[in-house]
Amino acid sequence: MISRSKVLAALAMAVAAMFTALPAANATHAGQPTVQELMYRCTSADYCQFKPYGAMEIFSGSRQLAGSGTNCTSGLMTRVINYSATTGTKNTFGVEISGSVELGEIFTASIKVSYSREWSFSETKTDEVRQEIAPRKKVHIYASKQKSRVNGTWEIHFGSRYYGHYYWYVNGSVEGQTKGQAWDIRSEQVNAVC
């Protein structure tokens, strides 16, 4: 029978290992892995999960020029302007997290469980708009996407010590969009160079 003191000692060691402090993202000394090294090892580790915390932040993405049309005549003109804009996903972990890699699959599964939403790594909006353009003016069509930001921790467990620890935690955020978030399309007239 295992003594109570041995059980408590083992439990204390396990708790201490769980709360190992993560080094700075660009650690270079031999005793600590970089965040990128940990993330590259994540999918081959014994356990690798993304655990979001807090509410998903919703915000307006930056606007991007999606199309334009020019009227170099002396009269009012109506033009059909085709436009296209693409938005993607970025993260603070310094590695690729997309639908084509295993980290992306782990991430999307976690978002679905935690927030009941489907993550979309990239979305493109393509359409056309009929626009009246004043004489000697140019119209720019701008598109911006409603975006989402998720803060969370990658929890990584190794079967044998990795840089002296079995458990590592990598904190950061992922910014992109969930399926169904809206696009905002705006037009702006400026003086044309004719």
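Biologist: Numbering the bonded cysteines in sequence order, what is the pairing?

Modeller: This is a predicted model. A search of the whole structure finds two disulfides. One joins Cys-42 to Cys-48, and the other is formed by Cys-72 and Cys-194. In sequence order, the pairing is 1-2, 3-4.

Biologist: What is the S to S distance between Cys-42 and Cys-48?

Modeller: A pair of cysteine sulfur atoms counts as a disulfide within 2.5 Å. Cys-42 and Cys-48 are joined in this way. Their S to S distance is 1.8 Å.

Biologist: Is the link of Cys-42 and Cys-48 right-handed or left-handed?

Modeller: Look at the rotation about the S-S bond. For Cys-42 and Cys-48 it is 85°. The link is right-handed.

Biologist: Is Cys-48 buried or exposed?

Modeller: Buried means under 20% relative accessible area. Its partner Cys-42 has 0% and counts as buried. Cys-48 has 8% relative accessibility, so Cys-48 is buried.

Biologist: Now the other disulfide. Is the link of Cys-72 and Cys-194 left-handed or right-handed?

Modeller: The sulfur atoms of Cys-72 and Cys-194 are 2.2 Å apart. The torsion about their S-S bond is about -90°. The disulfide is therefore left-handed.

Biologist: How many residues apart are Cys-72 and Cys-194?

Modeller: The disulfide of Cys-72 and Cys-194 links distant parts of the chain. Cys-72 is in the loop between β3 (64-71) and β4 (77-87). Cys-194 is in the segment after β10 (183-191). They are 122 residues apart.

Biologist: Is Cys-194 buried or exposed?

Modeller: Its partner Cys-72 has a relative accessible area of 38% and is partly exposed. Exposed means over 50%. Cys-194 has 53%, so Cys-194 is exposed.

Biologist: On to the rings. Which kind of aromatic pair do Phe-93 and Trp-154 form?

Modeller: The whole structure holds eight aromatic pairs. Phe-93 and Trp-154 form one of them, with 6.3 Å centre to centre. Planes over 60 degrees apart count as edge-to-face. Here the angle between the planes is 85°, and the pair is edge-to-face.

Biologist: Where in the chain is Trp-154?

Modeller: The pair of Phe-93 and Trp-154 links distant parts of the chain, 61 residues apart. Phe-93 is in the loop between β5 (90-91) and α3 (102-115). Trp-154 is in strand β8 (residues 137-162).

Biologist: What is the relative accessible area of Trp-154?

Modeller: Phe-93 is buried, with a relative accessible area of 0%. Trp-154 is buried too. Its relative accessible area is 0%.

Biologist: Which residues do ring pairs link into a cluster with Phe-93 and Trp-154?

Modeller: Phe-93 and Trp-154 form an aromatic pair. Ring pairs also bring further Phe and Trp residues into the cluster. Besides Phe-93 and Trp-154, the cluster holds Phe-50, Phe-107, Trp-119 and Phe-121.

Biologist: Which residue lies over the face of Tyr-142?

Modeller: A charge sits over a ring if NZ of Lys or CZ of Arg is within 6 Å of the ring centre and within 35 degrees of the ring normal. Over Tyr-142, the distance from the ring centre is 3.9 Å. The residue is Arg-63.

Biologist: How many strands does the protein have?

Modeller: Along the sequence, the pattern is α-α-β-β-β-β-β-α-β-β-β-β-β. The secondary structure includes three helices. The strands number 10.

Technical notes: Residues numbered from 1 in each chain as written. Predicted model: local features only at pLDDT ≥ 70, side-chain atom pairs only at ≥ 80, totals over all residues. Heavy atoms only, no water. Buried < 20%, exposed > 50% of the residue type's maximum accessible area, 1.4 Å probe, protein only. Helix = DSSP H or I, 4+ residues; strand = E, 2+ residues; numbered from the N terminus. Phe/Tyr/Trp six-rings, centres within 6.5 Å; stacked < 30°, edge-to-face > 60°.
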